[in-house]
Amino acid sequence: MISYLIEGSIGLIAFYTFYWLVLRNSKLLQINRAYLITTSLLAISFPFMDFPLLPTTFSFELGTNAKPETTDSTASLLSVGAILLIGYFVGLGIRLIVLIQKLRKLSSIQGKPALDQVHGLSFMEVEGTNAFSFFNRIYIGSDTMADPQLKEHALMHELAHAKGRHSLDLLYFELLEVVFWFNPITYLFTRSVKIQHEYIADQFVADEMGQAPYSQSIARMALINITPLLVSQFGQHPIQQRLYMLNQTHTSKMKRLRPMLALPIAGMLFITFACSENEPPAIVVEEVEEVPEVNTDALFELEEVIYEQIQEPSENSVNEIEEVQEVIYETGASFESEGPGEVLIEEQY
């Protein structure tokens, strides 16, 4: 679990760094939006993948029956890992509660029907000057409804959000923040995709209504304070960036290929996290017990004792022979009796 979170975070950092350096200020609109969604999905998917590679080397292992012993360092690492997991799930729970509170706050907004339903979209009038949308619902402030030009621009703007299914993007990135709550890059992903949504909606209205009057409507919303919600908003800040992007010329066809420059990053992350080498066939060399050295002095001593006892038997002859035999057994020698009074000694090498 911890390794997945680390690998996923590395992927998110790598892809967002490329976006920040190369794509952030380019008027690619839908391409930038697709980049943010696609690369974030790749970053969190690569650690789950497992594509085996062909082995290139053989490994040699020395067989042994000994079991690895559990050391104090291993136990301490396990305890640290358990603490990290507990801390992670506590943070995940808190971030999930925050998301649920956002959804509950959004569902608690009361309004009255402002217009007839169009293409399955509901238009609701709420208090104030705010205008925002969430999936198939568009909310327009009563003060905004009183201004014909502002009303028209706000409705077109939120209609672009609804048709583009921008709320689905926001919900996905909110869930990404829940899982990777500890990684600040996830919040930058959410912020960046929101800005791209505004650029897309602004361009849609400017193409339909004219750029100059729409720019005036955006400027009029600059001083409105908006409570953060899980929605796309007509007065979404930063207004200055939106006006700058709106006045930019469209990006050339060659510059639209810029996201392709991120392919080496995707390839490197794929090889690092999604590919694994096959376990190469191991040639096991079993340990052979070392043959003990034979105590030759004990052999000669046994031979002399046996010879003496054959010539002059005594009461302690059996005990003396057994004592020497024990030494022989310990050193790997053996002896056999070939008959009365005859002993054959074999040396084991």
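Okay, let's start with Ser26: leaving out residues up to four places away in sequence, Ser26 touches Asn32, Met245, Thr251 and Arg258. Before I go on, keep in mind that what you see above is a predicted model.

So where does Ser26 sit? You'll find Ser26 in the loop between H1 and H2. Is Ser26 buried or exposed? Its relative accessibility is 8%, and buried means under 20%, so Ser26 counts as buried. Its side chain also reaches back along the chain, to the backbone oxygen of Leu23, at 2.7 Å.

Now let's talk about the inside. In soluble globular proteins, nonpolar side chains tend to be buried together. Here, the largest nonpolar core has 40 residues, and Tyr35, Leu36 and Phe173 touch the most other members. Several elements supply at least two residues each, among them helix H1 (2-23), helix H2 (30-45), helix H3 (72-107) and strand E4 (121-126). Which one gives the largest share? That's H1, with eight residues of this core.

Let's zoom in on Phe173. If we skip its neighbours within four places in sequence, Phe173 is in contact with Leu36, Ile37, Ser40, Phe189, Thr190 and Val193. And there's a second, separate core too: 17 residues, including Met145, Ala154, Met156 and Leu246.

Hang on to Leu246, since that name comes back with Gln203. Gln203 is in helix H7, and apart from neighbours within four places in sequence, Gln203 is in contact with Lys27, Leu29, Leu246 and His250. Why do we call Gln203 buried? Because its relative accessible area is 9%, and the cut-off for buried is under 20%. For a feel of the folding, take Gln203 and Ala160: they are 43 residues apart in sequence, but 9.5 Å apart in space, C-alpha to C-alpha.

Another buried polar residue is Ser133, with a relative accessible area of 1%. Ser133 lies in strand E5, and its side chain makes a polar contact with the side chain of Glu158, at 2.9 Å.

Okay, over to the surface. Which residues form a nonpolar patch there? They are Ile86, Val90, Ile94 and Val98, and together they have about 360 Å² of accessible area. Val90 lies in helix H3. At 48% relative accessibility, Val90 falls between the 20% and 50% cut-offs, so Val90 counts as partly exposed.

Gly120 is also partly exposed, at 43% relative accessibility. Look for Gly120 in the loop between strand E3 (112-118) and E4. In sequence, Gly120 and Asn136 are 16 residues apart, and in space their C-alpha atoms are 6.8 Å apart.

Last topic: backbone angles. Most residues other than glycine have a negative phi. Phe135 has a phi near 55°, a positive value, and Phe135 isn't a glycine. You'll spot Phe135 in the loop between E5 and strand E6 (137-141), and at 36% relative accessibility Phe135 counts as partly exposed.

Then there's Arg165, with a positive phi of about 55° although it is not a glycine. Where is Arg165? In the loop between helix H5 (148-163) and H6. At 60% relative accessibility, Arg165 is over the 50% cut-off, so Arg165 counts as exposed.

That's my tour, thanks for listening!

How values were computed. Residues are numbered from 1 along each chain as its sequence is written. This is a predicted model: local features need pLDDT of at least 70, side-chain atom pairs count only at pLDDT 80 or more; totals for chains, interfaces and linings use all residues. Side-chain values use heavy atoms; hydrogens and water are left out. A nonpolar core is a set of buried Ala, Val, Leu, Ile, Met, Phe, Trp, Tyr and Cys residues joined through side-chain atoms within 4.5 Å. Buried means under 20% relative accessible area, exposed over 50%, partly exposed in between (1.4 Å probe, protein chains only). Helices (H or I, at least four residues) and strands (E, at least two) are DSSP runs, numbered from the N terminus. Contact means heavy atoms within 4.5 Å. Patches are made of residues with over 30% relative accessible area and no salt bridge: like charges are joined within 9 Å, nonpolar side chains (Val, Leu, Ile, Met, Phe, Trp, Tyr) within 5 Å. Accessible areas come from the Shrake-Rupley method with a 1.4 Å probe; for residues, only the protein chains shown count as cover. A salt bridge is a side-chain nitrogen of Lys or Arg within 4 Å of a carboxyl oxygen of Asp or Glu. A polar contact is a pair of N or O atoms within 3.5 Å; within protein, one must be able to donate a hydrogen and the other to accept it, and residues adjacent in sequence count only if both atoms are side-chain atoms.
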